[in-house]
Amino acid sequence: MTDKKKVVLSLVQPSGELTIANYLGAIKNFIKLQDEYDCYIGVADLHSITVPQVPADLRRRSREVVAIYMALGLDPEKVNLFIQSHNTDHLKLYWVLNSISYMGQLSRMTQFKDKIARGEDNNNAALFTYPVLMAADILAYNADFVPVGIDQKQHMELARDLAIRFNSKYSDTFTVPDAIINQSTMKIMSLRNPEKKMSKSDEDKNASIFLFDDANAIRKKVMSAVTDSLNNFDYNDEQKGLKNLIDLYSAFSDLSAQEIIEKYKGQGYGTFKADLAELIIADLSKFQEKYNELIKDKDKIDEILLKGAENSRRKTSRMLDKVYRKVGFLQIK
């Protein structure tokens, strides 16, 4: 890796099973980026404790996420895979950025407002300042690009605002990052309700396809997925259920929506759904086989994470020295 490459940064929380929406909306994009960019892909264990965690489960899932990423195609020789808490520079910069973050702006964050509106008991301070830590994650690496889902766009705007605010107050320091939103698979919808996103936290487990679903579960979920009674094979916003399935077919086959329409025009939805299920099964079965090999080798995963942590700290330490000097902290060599 060279400094000439643009920097891409992404972190994912080790919480719950990942769905094909996580794969198509984020991870698949990383695989395309790893040859072109200097990529830092982290497991956001610091973010995850904004909600109660079972410590042993958190540790286990952190390793599992790394194995999942590798099984899906991320190459640890090309990308830096690391655990967020293994690099304390994230927290050091977080504190500095808190000093230029405004309560009003944080209180307007949609995800925080949604949690408050639901009346949840766990409205802790970390949950309120979570977007500032996310900004610190990004700015510590001087990231040029951050792959995000559309629901994280507001948090990206905060990261940009804080970079501009710090640069204005202390002189040019941070690159103002840009979001990468994969337009074709930006929003994979629920199989049971095409009005809402596919989510690993959906109470209806038939609404999502998980990376570790077996062939029978995938067939059942796809065949029972909501379409419509029009029996008109087309791609439009009036047939949202069918449109969502066509998006899935396109993502797993690399065919365009128009090519899929031409292939299945005049046929019932059943044939299309059956073919879609087999496409997903073929893709996920290769992943599952690779994952099962990787997860057995704990020492190899830890070796990759040690190397990733070293590379991560090497990348951020110079930035933190610069930030600390600019804000006036006394540094003794």
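This passage describes the nonpolar cores, one short helix and the aromatic pairs of a predicted model.

The largest nonpolar core of the model comprises 59 residues. Within this core, the residues with the most contacts are Tyr69, Leu81, Leu211, Phe233, Leu248 and Phe272. Helix α12, spanning residues 269-295, supplies the largest share of the core, namely 10 residues. A second core, separate from this one, has 37 residues, among them Ala159, Ile181, Met319 and Leu320.

Phe233 offers a good starting point for a closer look. Leaving aside neighbours within four places in sequence, Phe233 is in contact with Leu242, Ile246, Ile260, Ile261, Tyr264, Lys265, Tyr269 and Phe272. Ring pairs also join Phe233 with Tyr249, Tyr264, Tyr269 and Phe272 into an aromatic cluster.

Helix α11 (residues 257-264) comes next. Which residues of this helix are buried? They are Ile260, Ile261 and Tyr264. These residues lie on the same side of α11, because the arc they cover around the axis is only 100 degrees. Such an arrangement is easy to follow from helix geometry: an α-helix has 3.6 residues a turn, so residues three or four places apart point the same way. The cover over the buried residues of α11 includes α10 (240-253) and α12. Just after α11, Gly266 adopts a positive phi of about 85 degrees.

Turning to the aromatic residues, the model contains 17 aromatic pairs. In one of these, the ring centres of Phe212 and Phe287 are 5.3 Å apart and the planes meet at 50 degrees, so the pair counts as tilted. This pair links distant parts of the chain, with Phe212 in the loop between β5 (178-180) and α9 (215-223) and Phe287 in helix α12, 75 residues apart. The two partners can also be described by their accessibility. Phe212 is partly exposed, with a relative accessible area of 32%, whereas Phe287 is buried at 3%.

Phe212 forms an aromatic pair with Tyr291 as well. Here the centres are 4.7 Å apart and the angle between the planes is 65 degrees, an edge-to-face arrangement. Because Tyr291 belongs to helix α12 and Phe212 to the loop between β5 and α9, this pair ties together parts that are 79 residues apart in sequence. Tyr291 is buried, its relative accessible area being 7%. Helix α12 thus recurs in this account: the helix gives the largest share of the largest core, is included in the cover of the buried residues of α11, and carries Phe287 and Tyr291.

Technical notes
Residues numbered from 1 in each chain as written. Predicted model: local features only at pLDDT ≥ 70, side-chain atom pairs only at ≥ 80, totals over all residues. Heavy atoms only, no water. Core = buried A, V, L, I, M, F, W, Y, C linked by side-chain atoms within 4.5 Å. Buried < 20%, exposed > 50% of the residue type's maximum accessible area, 1.4 Å probe, protein only. Helix = DSSP H or I, 4+ residues; strand = E, 2+ residues; numbered from the N terminus. Contact = heavy atoms within 4.5 Å. Arc of directions from axis to C-beta. Phe/Tyr/Trp six-rings, centres within 6.5 Å; stacked < 30°, edge-to-face > 60°.
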